[in-house]
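Please explain how this structure is put together, taking its parts in turn. I would like to follow the reasoning with the model at hand.

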Amino acid sequence: MIELEGLTKRYGEKVAVNNLTFAVRPGIVTGFLGPNGAGKSTTMRMILGLDRPTAGDVRIDGTHYDRLKDPLTSIGALLEAKGVHPGRSAYHHLLCLAQSNGIPARRVHEVLDTVGLSAVARKKAKGFSLGMGQRLGIAAALLGDPRILMFDEPVNGLDPEGIHWIRTLMKSLAAQGRTVFVSSHLMSEMALTADHLVVIGQGRLLADTSMAEFIQRNSRSYVRVRSPERERLLDVLHGAGITAVENGNGTLEVDGSKAEHIGELAARHQLVLHELSPQQASLEEAFMRLTAESVEYHAHSDTPASAERWGDGWKEGRA
Ligand SMILES: Nc1ncnc2c1ncn2[C@@H]1O[C@H](COP(=O)(O)OP(=O)(O)OP(=O)(O)O)[C@@H](O)[C@H]1O
C-alpha cells in the first residue's frame with residue numbers, strides 16, 4: 001500500500017503538488033490521471049524519495065522510502081526513460097542492478113523472460129527500440145519481486161501490441177495481490193486497464209473513485225434527433241412527456257427515451273426525421289471536462305473539488 005498525506009511540492013512560486021491525500025491499495029490497478037503538468041511525475045518522484053516534499057508525508061507499506069531496508073524488494077518503478085548505458089547489454093544492465101541490491105542473479109533470467117527480452121538479452125541497449133527500452137525498464141522494476149509497482153506513462157510511444165502487453169502485465173501483477181500504480185494522461189487507456197482512479201489537476205486531488213463508479217456517473221447515453229420540422233417534433237415529444245434539449249446546431253438531444261420509441265412516435269405523427277442516433281458520452285470527454293473544471297475552479301477558489309462535484313458538473317454542463 002502507498003499512503004499519501006497532505007503531500008505538497010513547491011518549486012519557488014509554482015505549487016506542483018498541492019496537499020494530496022489518498023491511498024493506493026493492493027490487488028488492483030490504480031490509474032493516476034491528469035493532464036500534462038498536473039503533477040503526476042512529481043508525486044511519483046516523492047513516493048520514491050527522489051524529490052523531498054515541501055510538506056506532507058508518503059509511506060510505502062507504512063515506512064518512508066529512505067528507511068526501507070532493500071527498496072527494490074519493496075517497490076519497483078518505471079519512471080521516464082531510464083539511464084541505461086548504451087554499450088551495455090540488457091543482461092548486464094540488470095545484473096549490475098541485481099548485484100548492487102543483493103538480488104540473486106537468477107532473477108535476471110526470470111525478469112528477462114517475463115518481459116520477453118531473453119532472445120535479445122546480450123544485445124547492446126543502444127540498438128533497442130522504444131518498446132524494447134520500456135520492457136527493459138519494466139524488467140528492472142520487477143527485479144526485486146516487489147509487492148508494489150509504479151509505472152509513469154508506460155505506454156507512451158508504444159505500438160498497439162506493446163500497449164496490449166503492458167496492459168495485460170499490469171492486470172496480472174495486480175491479480176497476484178500486488179499494488180499497481182500507473183500514471184497516464186489518457187482516459188481511454190485507463191478505462192481499459194485500471195480498477196480504481198485517482199485524478200489530479202494542477203496538483204490537486206479531483207477524484208478518488210472506482211472505475212465502475214466513474215463509468216456509471218459519466219457514461220450518459222442519449223438520442224440525437226434531427227428533423228426539418230423541428231418545432232413540430234418538439235411539440236410531439238413534449239406531448240409524450242419527453243424532454244428534448246436543443247444543442248444549437250439544429251439537432252435535439254433526448255435523455256431517458258429509446259431511439260425506437262422516438263422513431264415510432266415520429267412515424268405516428270408523419271414526421272420526417274433526418275437523423276435518429278443513440279449516443280454515448282465518452283469517458284475521455286468526461287475526463288477532459290473534469291480536469292478543465294479544475295483549471296476554472298483553481299482561478300476562483302481555494303477549496304479542492306469534491307468527488308461529487310465532477311459527476312454533477314458533467315450533467316449540469318450537458319443541460
Ligand atoms: N524541477 C522542477 N522545477 C520547476 N518546476 C517543475 C520541476 N518539476 C516539475 N515542475 C513543474 O511542476 C508541474 C508538475 O509537473 P509534473 O512533471 O509532475 O507533471 P505531470 O503530471 O507528470 O505532467 P506530464 O504528463 O507532462 O509528465 C509542472 O508545471 C512542471 O513544470
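A residue is called exposed if 12 or fewer other C-beta atoms lie within 10 Å of its own, and buried if 20 or more do. The model considered here is predicted.

Helix 3 illustrates these two classes. Spanning residues 90-100, helix 3 has Ala 90, His 93, Leu 94 and Ala 98 as its buried residues. Viewed down the helix axis, these residues fall within an arc of 130°, and they therefore line one face of helix 3. That buried set packs against helix 4 (106-114) and helix 5 (130-142). On the face turned away from the buried side, helix 3 carries the exposed residues Gln 99 and Ser 100. Just after helix 3, Gly 102 adopts a positive phi of about 65°.

The ligand is surrounded by a shell of residues, among them Tyr 11, Lys 14, Asn 36, Lys 40, Ser 41, Thr 42 and His 185. Strand 2 (14-24) and helix 1 (40-47) are the elements that give two or more residues to this shell. Helix 1 supplies the largest share, three residues. By character, the shell divides into three nonpolar, seven polar and two charged residues.

Elsewhere, four strands form an open sheet in the order 11-12-10-13, with antiparallel pairing. Strand 11 (244-246) and strand 13 (275-280) are the edge strands, each pairing on one side only. From one strand to the next, the twist averages 30°. Strand 10 (residues 221-226) and strand 12 (residues 252-255) run antiparallel and are joined by four bridges; Val 225 has Leu 252 of strand 12 as its bridge partner. Helix 10 (residues 259-268) packs on the sheet, where it touches strand 10, strand 12 and strand 13. The direction of helix 10 makes about 165° with that of strand 13.

Notes:
Residues numbered from 1 in each chain as written. Predicted model: local features only at pLDDT ≥ 70, side-chain atom pairs only at ≥ 80, totals over all residues. Arc of directions from axis to C-beta. Contact = placed C-beta atoms within 7 Å. Near = placed C-beta within 6 Å. Nonpolar A, V, L, I, M, F, W, Y, C, P; charged D, E, K, R; others polar. Pairing = 2+ DSSP bridges. Axes fitted to C-alpha atoms, helices over the stretch in contact; angles between N-to-C directions.
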